[in-house]
Amino acid sequence: MGLKIVAGPSSQLLATRTASLLGVGVDLTDYKEFPDGEVYARVTGEIKGQDVVVIQSTPTADDYVYLLELIDACDEAKTLTVIIPYMGYARQDKRFHPGEPISARAIAKTIKADRVFTVNIHDPSVLPYFPCPATDLNASGVIGNYVVNMSLYEPVLLAPDDGALKIVKPAAEQYKLPYDYLEKTRISGDEVKIAPKNLDIKGRDVVLMDDIVSTGGTIAEAIKLLKAQGAREVHVACIHAVLVRNAVLRLNNGGMRSILSTDTLEKATSKVSVAPIIAEAVKR
Ligand code: R5P
């Protein structure tokens, strides 16, 4: 009897990294898609009576179904821990307009496990919707650790808005980097000024940091603004590199110097891993 890591299709690398830190192997998981588009997952290792950890990000609806199937396949486990490194639909965490669902709640309440871990979920207000104890792990420190080792000139960590300070501040404080956020000030009825609230970034290297980069719109605008205000180089760092459509091109055309992300979504930009944080949480 022991610990079993089950790797979902969207988190294969992260699952193997986590397993290796925990000193266990990862059995093959079989996945396939039927001709009608339905998806299928099968766990090949022995699950019965084991402490099982399923790791699967859910950037797409199919990934969510894979996760539900893997949870169901593990119904004979002694204990089941579900790790959702990137939880899709988490941004619809409120009813913004009448008649809307709280999609994050709709998803969370279907996750039947003994405990759940997410990584920098868009808003922790979603956690109580899981039917079991759910904890959000903060990966901003692994980004801070990477940034502090980059060759940067008088670096500043910058959040594109005050909401992203929850990502930027812990990383900056842990590695003693100056930080700030972009603040929008209304000058007149038709004039707004967007600038770092406290710091002058002229001639300095800026690392713009957010939880999610999806279409790249938020960050591309921020990069243009910072370049216009005299930033030397603008680098982008995020926890979840969703990067849909032409996001990378938009960032590049905006003047981005480099981009890095974690492996909650396994992309070419994944230069740091959240495996140590997950392994530590599983051990606890
Ligand atoms: C918004 O609240 C998030 O923190 C991100 O800023 C946003 O999801 C990024 O989206 P996009 O890259 O499409 O602008």
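These are my notebook entries on what I looked up in this structure.

**Starting point.** I'm working from a predicted model. I went for charged residues, then a few buried spots.

**Salt bridges, the tally.** How many salt bridges does the structure hold? I found 13.

**Asp93 and Lys94.** I checked this pair and got a salt bridge, with 3.6 Å between the closest N and O atoms. Is Asp93 buried or exposed? Asp93 is buried, because its relative accessibility is 6% and the cut-off for buried is under 20%. Lys94 comes out as partly exposed at 41%.

**Glu154 and Arg204.** Here I noted another salt bridge, its closest N and O atoms 3.8 Å apart. This pair ties together distant parts of the chain, with the two positions 50 residues apart. Glu154 sits in the loop between helix 4 (140-147) and strand 8 (156-159), while Arg204 sits in the loop between strand 10 (191-196) and strand 11 (206-213). I looked up the accessibility of both partners: Glu154 is partly exposed at 42%, and Arg204 is buried at 17%.

**Lys283 and Glu280.** Where do these two lie? I found both in helix 8, three residues apart, which is about one turn of the helix. Their salt bridge has its closest N and O atoms 3.7 Å apart. Lys283 counts as exposed because its relative accessibility is 56% and exposed means over 50%. Glu280 has 39%, so I wrote it down as partly exposed.

**A network.** Which residues are linked in a network of salt bridges? I listed Asp205, Arg232, Glu233 and Arg257.

**A negative patch.** On the surface I came across a patch of negative charge, where Glu33, Asp36, Glu38 and Asp62 gather. I followed up on Glu33, which belongs to strand 2 (residues 29-33). Glu33 is exposed, with 53% relative accessible area.

**Asp263.** I traced this residue to the loop between strand 13 (256-261) and helix 8 (275-283). Asp263 is in a loop, yet it counts as buried at 1% relative accessibility. What joins the side chains of Asp263 and Arg17? I found a polar contact of 2.7 Å.

**Ala171.** My last stop was helix 5 (residues 165-174), where Ala171 lies. Ala171 is buried, with a relative accessibility of 0%. I also looked up its spacing from Leu260: the two are 89 residues apart along the chain, and their C-alpha atoms are separated by 14 Å.

Notes. Residues numbered from 1 in each chain as written. Predicted model: local features only at pLDDT ≥ 70, side-chain atom pairs only at ≥ 80, totals over all residues. Heavy atoms only, no water. Patch = residues over 30% accessible without salt bridge, like charges linked within 9 Å, V, L, I, M, F, W, Y side chains within 5 Å. Areas by Shrake-Rupley, 256 points an atom, 1.4 Å probe, with all protein chains shown as cover. Salt bridge = Lys/Arg side-chain N within 4 Å of Asp/Glu carboxyl O. Lys, Arg positive; Asp, Glu negative; His and termini not counted. Charge placed at Lys NZ, Arg CZ, Asp CG, Glu CD. Helix = DSSP H or I, 4+ residues; strand = E, 2+ residues; numbered from the N terminus. Buried < 20%, exposed > 50% of the residue type's maximum accessible area, 1.4 Å probe, protein only. Polar contact = N/O pair within 3.5 Å; in protein donor to acceptor, adjacent residues only side chain to side chain.
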